[in-house]
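Student: Hi! I'm new to this one and would like a friendly walk through it. Can we look at it together?

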Amino acid sequence: MHELARCRQDFPILARTVRGGRPLVYLDSAATTQKPVQVLQAMERYYREDNANVHRAVHELAERATQAFEQARLRVARFIGADDPHCVIFVRNTTEAINLVARSWAQPRLREGDEILVSLMEHHSNLVPWYMVARQTGARVRFAGLLPDGRLDMDSLREKLTPRTRVVAIAHQSNVLGTINPVQEIAELAHQAGAVVVVDGAQSVPHMPVDVRRLGCDFLAFSGHKMLGPTGIGVLWGRRELLESMEPLFGGGEMIREVTLQGATWNDLPHRLEAGTPAIAEAVGLAAAVEYLEAVGMEAVRRHEQELVGYALQRLGELPDVELYGPSQQRGGVVAFNVRGVHAHDVATILDQQGIAVRAGHHCAQPLMGWLDVPATVRASFYLYTLPEEIEALVEGLQAVRRIFGTSR
Ligand code: PMP
């Protein structure tokens, strides 16, 4: 259980107190993760020693900055098993990555009658961009349903997958239910139907080994800030032929080959999809985060979270007023629940008074809330630095909720 406990000292923020001296119990890593000193130091070192704009000058600092930025790309590519680092496009976050695919790949290609297949557990980031494409093109968004325990209903997915399906956009891991979806199988089915597969890896790439060759997807989107890196940097990985076929969404510096009075031609990948000055220090920070995760080992991260989530489900399951959501198997380190008779926001507020940081709300997954038939849930989410003692603190915190609100009415 304590295999990764030594990691904790690398995260200075986890040693701070909150709410008048209470130790911080940070159970909100699905929203964003804390950052180890290795990441903080890499970014500071970059600004102190190497800072310059990338790609555009011959001076030493520009060379160093460019090298650091491109090394970061290489490191990220290796981390996700991508053979070609030029297929790693740096964007701001998962949201931007999916919007880029939606606007730049899907929108020009889809027509009335085409279908985009998503699931009922999607984050709005993997849903709203497809609604936008549908609005522009006349295509239709369809939903694969869920089984009662919160796993994806593969029969429903097969049924909704038709020759009209052009895109299958699916979360690898749900940010609410924790469900891990069989993306490899989905990609095979989708490809048989002639659809392109977009995987929202925001909650999987940080928490388990992810290899794009094994997944068989066409696009993978994820965010640096959810995997120990800084905010402001995310990744879109795509198959080369698909990325090359995309018209850039933004025009400007970096992304051109030549600009004349008549017009412009586009640069090669990845630059054609990265207009303007990129988030250089953030890429350096992300590379340091990847290095950190590789040193720990993604199998070990996954194992740790599996143990934690098993423990959390068991302990929370013992509380009579707590209703838990999501499957018991094939799930990541996320536990969504409600305390019967108490609004999720009240639960989160009482926990916060005890120094316990959880999230309450619809978690940007309103269709899923509709399916669960609740307005909101509380969500506790874990990472490699989470300790079993923090789950105990959550259990104690929930007992305090019960004391304050009484037992279920
Ligand atoms: N998809 C999933 C499954 C997520 O959990 C999140 C973040 N909560 C996102 C997409 C969006 O990530 P970002 O806000 O970094 O773009």
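Tutor: Happy to! One term before we start: a pocket here is an open set of grid points, on a 1 Å grid over the protein atoms alone, with protein on both sides within 12 Å along at least five of seven lines. Also keep in mind that this is a predicted model.

Student: Okay, so which pocket does the ligand take up?

Tutor: The ligand occupies the space of the largest pocket.

Student: Which residues surround the ligand there?

Tutor: Among them are Asn-93, Thr-94, Thr-95, His-123, Asp-200, His-225 and Lys-226.

Student: And how does that shell divide into nonpolar, polar and charged?

Tutor: Nine of the shell residues are polar, two are charged and one is nonpolar.

Student: What lies 2.8 Å from a nitrogen atom of the ligand?

Tutor: That's a polar side-chain atom of Lys-226. For the oxygen side, an N or O atom in the side chain of Thr-95 is 2.5 Å from a ligand oxygen atom. Thr-94 uses its backbone instead: an N or O atom there lies 3.4 Å from an oxygen atom of the ligand.

Student: How much of the ligand's accessible area does the protein cover?

Tutor: On its own the ligand has 400 Å² of accessible area, and the protein covers 88% of that.

Student: Switching topic: what domains does the chain have?

Tutor: The domain assignment gives domain 1, made of 5-31 and 297-405, and domain 2, spanning 39-294.

Student: How many residues does each put into the contact?

Tutor: Domain 1 gives 37 residues and domain 2 gives 35. Taken over C-alpha atoms, the two domain centres are 28 Å apart.

Terms used. Residues numbered from 1 in each chain as written. Predicted model: local features only at pLDDT ≥ 70, side-chain atom pairs only at ≥ 80, totals over all residues. Heavy atoms only, no water. Near = heavy atom within 4 Å. Polar contact = N/O pair within 3.5 Å; in protein donor to acceptor, adjacent residues only side chain to side chain. Areas by Shrake-Rupley, 256 points an atom, 1.4 Å probe, with all protein chains shown as cover. 1 Å grid on protein atoms, 1.4 Å probe; cavity = no way out; pocket = protein on both sides within 12 Å on 5 of 7 lines; lining within 4 Å. Sits in = over half its atoms within 2 Å of the grid points. Nonpolar A, V, L, I, M, F, W, Y, C, P; charged D, E, K, R; others polar. Domains from an automatic or database assignment. Contact = heavy atoms within 4.5 Å.
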